[in-house]
Amino acid sequence: MPELPEVEGVLRALQPIVTGKTIKSVEVSETIYNSKAIGKEAIIKGLDVEQFCLALPGTKIDHLERRSKYIYFHLLKDGLPYMLVSHLGMSGAWFSVKNLHEITEVKFRKHAHVTIYFEEGDLLVYSDIRRFGELRFLETEADYPPLLLMAPEPFDQHALDHFLHMSALPKYENKAIKEFIMDGHVVSGCGNIYATEALFRMKIHPARAVKRISRERKIHLFQEIVIVLLDSIENGGSTISDYRTINGGAGNMQNRLQMYGKKECGFCGTKTKQKTIGGRTSTYCPACQK
DNA sequence: ATGCTGCTCCGGACGC
DNA sequence: TGCGTCCGGAGCAGC
């Protein structure tokens with residue numbers, strides 16, 4: 001499950017490979033073509049397959065940017081800016097190869113759904129087992145308004161003020177803290193793994209109501225989220241289930257996690273508990289987290 | 001005017 | 001072996 005650190009890893013790997021290249025053509029798998037043909041929004045969002053495949057050729061990749069869990073491919077065509085926006089969802093991955101057979105893991109090769117051919121001769125392949133990911137061709141962020149509503153980057157100097165401001169809104173004050181910090185309008189890029197870790201490190205019960213946490217503790221919690229995200233980026237992200245970096249690489253952060261996916265508390269050894277909060281499985285230590 | 005709930009994109013993992 | 005059920009980022013329609 002790629003969260004901010006994993007997406008950052010993908011971005012850093014992708015950047016030197018694709019920057020400056022020109023897209024020659026785009027191919028979409030028969031599976032996606034068929035899903036789209038019966039009206040489903042499978043991976044390619046907002047455009048039909050033909051429009052998408054016609055839009056990209058002739059564009060040059062000017063630079064990449066990560067925004068929350070999205071990767072923006074900033075493009076230029078005839079001097080005009082466009083963007084290809086990518087979200088990996090649950091199981092999306094990019095592969096830079098010379099041909100499809102270079103994707104050695106069968107499950108990724110089998111679910112290769114969008115292939116970008118470069119003028120330079122190599123390919124960029126988007127593979128997605130669960131098809132929860134998305135690709136959008138846009139002129140600007142405003143063409144897909146939810147992008148404008150995302151919380152600031154957690155490392156941005158305004159991010160903490162934004163977080164505190166949101167925590168006082170009626171809409172959020174009665175919410176469970178875990179649901180709150182996993183909301184992309186509140187914190188950018190913090191999913192189940194890092195929300196779980198940050199709350200464990202802070203010894204806060206994931207179901208505790210936002211309004212029952214002091215301002216000081218909220219500030220510390222936000223800082224802990226930033227620390228755990230940066231720690232993960234430094235360690236190449238967490239390689240869990242279907243997440244891969246470019247060309248199938250793996251990170252090391254999964255070995256540093258203390259609560260996510262654990263049977264016993266890494267601190268006191270108590271058997272961990274699981275509770276569904278905001279519709280998502282949440283693991284916590286009933287002894288340490290209050 | 002909010003804010004819930006459920007639906008939608010799916011296949012793999014798991015239990016019986 | 002085979003079938004049913006659960007899971008999940010995130011937006012959105014409908015109540």
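Which residue in the turn of the hairpin formed by β3 and β4 has a positive phi? In this predicted model, that residue is D78, whose phi is about 55°. The hairpin places two residues between β3 and β4. The two strands run antiparallel and are joined by eight bridges, with β4 covering residues 80-87. Within this pairing, K77 stands opposite L80 of β4.

On its other pairing, strand β3 meets β2, which comprises residues 60-67. Here too the strands run antiparallel, and seven bridges join them. One of the facing pairs consists of H63 and H74, the latter in β3. Strand β3 itself spans residues 70-77, and six of its eight residues are buried, so the rest of the structure largely encloses it. In a regular strand, side chains alternate between the two faces of the sheet.

The hairpin of β2 and β3 also has two residues between its strands, and S68 takes a positive phi there, near 55°. Most residues other than glycine have a negative phi. S68 is thus worth a closer look. This serine lies in the loop between β2 and β3 and is buried, with a relative accessible area of 7%. The backbone nitrogen of S68 is reached by the side chain of E153 at 2.6 Å. E153 is located in the loop between β8 (134-138) and α5, and at 15% relative accessibility this glutamate counts as buried, because the cut-off for that class is under 20%. The contact therefore joins two loop residues that are each buried.

A further positive phi, of about 60°, occurs at I43, which is not a glycine. I43 belongs to the loop between α2 (30-37) and α3 (49-55). With 0% relative accessibility, I43 counts as buried.

The aromatic side chains supply another theme. The structure holds seven aromatic pairs. In one of them, the ring centres of F163 and F222 are 5.1 Å apart and the planes meet at 45°, so the pair is classed as tilted. This pair links distant parts of the chain, since F163 sits in helix α5 (residues 159-167) and F222 in helix α9 (residues 215-234), 59 residues apart. Both partners are buried: F163 has a relative accessible area of 0%, and F222 has 5% relative accessibility. Ring pairs extend the arrangement to a cluster of F163, Y172, F180 and F222.

Charged side chains also lie over aromatic rings. The charged end of R136 sits over the ring of Y144, 3.4 Å from its centre. K203 lies over the face of F267, at 3.9 Å from the ring centre.

Y144 leads on to the nucleic acid, being among the residues that surround DNA strand C. Others in that set include M1, M90, R130, F132, P146, H185, G279 and R280. Of the atoms of DNA strand C that come within 4 Å of the protein, sugar and phosphate account for 65%. Several polar contacts involve phosphate oxygens of this strand. A polar side-chain atom of H87 lies 2.8 Å from one phosphate oxygen, and a polar side-chain atom of T281 lies 3.0 Å from a phosphate oxygen. For K69, an N or O atom in the side chain is 3.2 Å from a phosphate oxygen of DNA strand C. By class, the surface near DNA strand C has five nonpolar, four polar and three charged residues.

DNA strand B has its own set of surrounding residues: S35, K40, A42, K110, H111, I129, R130, R131, F132, P170, K171 and K175. Sugar and phosphate make up 66% of the atoms of DNA strand B that come within 4 Å of the protein. R130 and F132 appear around DNA strand B and also around DNA strand C. The surface near DNA strand B divides into four nonpolar, two polar and six charged residues.

Phosphate oxygens of DNA strand B are approached by side chains and by backbone. A polar side-chain atom of K175 lies 2.9 Å from a phosphate oxygen, and a polar side-chain atom of S35 lies 3.1 Å from a phosphate oxygen. In K171, by contrast, the atom concerned is a backbone N or O, at 3.4 Å from a phosphate oxygen of DNA strand B.

Terms used:
Residues numbered from 1 in each chain as written. Chains lettered and ligands numbered in written order. Predicted model: local features only at pLDDT ≥ 70, side-chain atom pairs only at ≥ 80, totals over all residues. Heavy atoms only, no water. Buried < 20%, exposed > 50% of the residue type's maximum accessible area, 1.4 Å probe, protein only. Helix = DSSP H or I, 4+ residues; strand = E, 2+ residues; numbered from the N terminus. Pairing = 2+ DSSP bridges. Near = heavy atom within 4 Å. Polar contact = N/O pair within 3.5 Å; in protein donor to acceptor, adjacent residues only side chain to side chain. Nonpolar A, V, L, I, M, F, W, Y, C, P; charged D, E, K, R; others polar. Phe/Tyr/Trp six-rings, centres within 6.5 Å; stacked < 30°, edge-to-face > 60°. Lys NZ or Arg CZ within 6 Å of the ring centre and 35° of its normal.
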